[in-house]
Amino acid sequence: MIDYDNILNGTIREVKPSGIRKFFDIANEMDNVISLSIGEPDFKTPWHIREAGIDSLEKGRTWYTPNRGFGELREEIVKYYKRKFNVDYLPDTEVLVTVGGSEAIDLALRCMVEKGDEVLIPQPSFVCYEPLTVMAGGKPVLIETKQENNFRLTAQELEENITDKTKLLILPFPNNPTGAIMRKEDLEAIIPIIEKYNLFVLSDEIYAELTYGEKQHISIASFENMRERTVVINGFSKAYAMTGWRLGYALGPYQIIDQMTKLHQYGIMSSPTTAQYAAIEALKNGDKDIEKMRSEYDMRRRFLLSRFEKIGFECFEPFGAFYAFPCIKSTGLSSEEFCTALIKEKHVALVPGNAFGESGDGYVRVSYSYSLQHLKEALGRIEEFVKELKNGN
């Protein structure tokens, strides 16, 4: 009998599976389930982007690409970040094309974090930051963001959690799962602290295009002296409905990007060729597609907020991504209890808030990356469920 505990890496064995997938997997095994659990756009990748990928295949362009990604793609990424967020990068040395944004996050953490280094992670936030920090040998330091602050990171919260071992701050805004964003004044408040303690920043901006209201996303790298201490993560999955194409990128100082490229070179070698051709087209001609999808998400966002108010759930207004994070504490159930009972009794799948950190308990994540009809049916079932809870049924 082989003792696999002695074979497997102990650090990896201790990492818990993603809490997002649990209810998605349950939903897949049940009939008549409406799922609002996965952050996947319901839109198809716009045709002109798909066509560029198809054209590359028809012409037999199926070879490896340079490790860093096609030069033309890196040039278009640089133009895009200058056009949209007013940050300048060099395409030859300060851009790395990766297999989704998740690979870029992993590479950055492994290149910047050594054993014992502390990494500040505001929570609730996406599920990968904490385990990837652990796997890189670092120590996650969790900062609980609060609803009364619209789930933004405050200067006080940041400074209270810094020690002499703190190296890196992960800045996950626009935020998954809360939909929170950091305004210009919020970033200006934390930048002096970042500089005071000589911290580096990993800014996950995958939802940068999905912000609502008059003010657009601002990258922390656009502020004076911040570009040199920031690695920006972005990609094509959310803005262009390209989840399955698996393409992301990192922007940052060449000293860091060089090391990330080395890891990428040995572990992946290069990102998918067909996806890179499609991404070039997306960056060149995809702005109108983004505007159309963002407008649709905004309509769904406003619908959800009105329905939560009717149901009696307190929910702060999310101005980013495509998630709402309503508070379900009034039901007397924990997040896990609420989501488990809801899927069993009404066949609606949500994600419990504690999947994104213990500070998320008492909340649930609701994705509105689904059609309005889909949302109406799901919210109708949720309303029935809450009424039955109140009536003791």
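A residue is called buried under 20% relative accessible area, exposed over 50%, and partly exposed in between. The views below show a predicted model.

**View 1. Cys111 and Cys315 are cysteines without a bonding partner**. Cys111 is partly exposed, because its relative accessible area is 28%. Cys315 has a relative accessibility of 17% and therefore counts as buried. A disulfide needs two cysteine sulfur atoms within 2.5 Å. For Cys111 the closest cysteine sulfur belongs to Cys128 and is 15 Å away, which is too far for a bond. For Cys315 the closest one belongs to Cys327, and the separation of 9.3 Å is again too far for a bond. A search of the whole structure returns zero disulfides.

**View 2. Seven strands form an open sheet with mixed pairing**. The strand order is E2-E8-E7-E6-E5-E3-E4. At the edges are E2 (95-98) and E4 (139-144), each of which pairs on one side only. From one strand to the next, the twist averages 20°. Strands of a sheet pair through backbone hydrogen bonds, in either the parallel or the antiparallel sense.

**View 3. Strand E7 pairs with E6 and with E8**. E6 (residues 200-204) and E7 (residues 230-235) run parallel and are joined by four bridges. Within this pairing, Val201 has Thr230 of E7 as its bridge partner, and Asp204 has Ile233. The pairing of E7 with E8 is antiparallel, over four bridges. Gly235 stands opposite Gly248 in E8.

**View 4. Both faces of strand E7 are covered**. Six of the six residues of E7 are buried. On one side these are Thr230, Val232 and Asn234; on the other they are Val231, Ile233 and Gly235. Val231 has a relative accessible area of 0% and is therefore buried. Leaving aside neighbours within four places in sequence, the contacts of Val231 include Ala108, Met112, Leu202, Ala250, Leu251, Ile256 and Met260. Val231 and Gln276 are 45 residues apart in sequence, with their C-alpha atoms 21 Å apart in space.

**View 5. Helices H5 and H6 lie against strands of the sheet**. Helix H5 (residues 71-85) lies across E2, E7 and E8 (248-251), and runs at about 110° to E2. Helix H6 (residues 100-112) packs on the sheet and touches E2, E5 (166-171), E6, E7 and E8. The direction of H6 makes about 160° with that of E7.

**View 6. Ala108 of helix H6 is a buried residue**. The relative accessible area of Ala108 is 0%. Apart from neighbours within four places in sequence, Ala108 is in contact with Leu202, Val231 and Met260. Ala108 and Thr261 are 153 residues apart along the chain, yet 9.8 Å separates their C-alpha atoms.

**View 7. His264 is a buried residue of helix H10**. H10 covers residues 254-267. The relative accessibility of His264 is 0%, so this histidine counts as buried. With neighbours within four places in sequence left aside, His264 contacts Asn67, Leu96, Val97, Thr98, Glu103, Leu107, Met269, Ser270 and Ser271.

**View 8. The largest nonpolar core has 42 residues**. Phe338, Leu350 and Ile382 have the most contacts inside this core. Two or more residues each come from H12, E9 (323-324), H13 (335-346), E12 (364-367) and H14 (372-390). H12 gives the largest share, seven residues. Ile382 is in contact with Ile311, Phe313, Leu342, Val348 and Leu350, leaving aside neighbours within four places in sequence. Another core, of 31 residues, lies apart from the largest one and has Val78, Trp245, Leu251 and Ala275 among its members.

**View 9. Helix H12 has the span expected from its number of residues**. H12 comprises 25 residues (287-311), so at 1.5 Å a residue the helix should span 36 Å. The C-alpha atoms at its ends are 36 Å apart, which agrees. Just after H12, Gly312 takes a positive phi of about 100°.

Technical notes:
Residues are numbered from 1 along each chain as its sequence is written. This is a predicted model: local features need pLDDT of at least 70, side-chain atom pairs count only at pLDDT 80 or more; totals for chains, interfaces and linings use all residues. Side-chain values use heavy atoms; hydrogens and water are left out. The expected span of a helix is 1.5 Å times one less than its number of residues. A nonpolar core is a set of buried Ala, Val, Leu, Ile, Met, Phe, Trp, Tyr and Cys residues joined through side-chain atoms within 4.5 Å. Buried means under 20% relative accessible area, exposed over 50%, partly exposed in between (1.4 Å probe, protein chains only). Contact means heavy atoms within 4.5 Å. Two strands pair if DSSP finds at least two bridges between them. Axes are lines fitted to C-alpha atoms, for helices over the stretch in contact, and angles run from 0 to 180 degrees between N-to-C directions.
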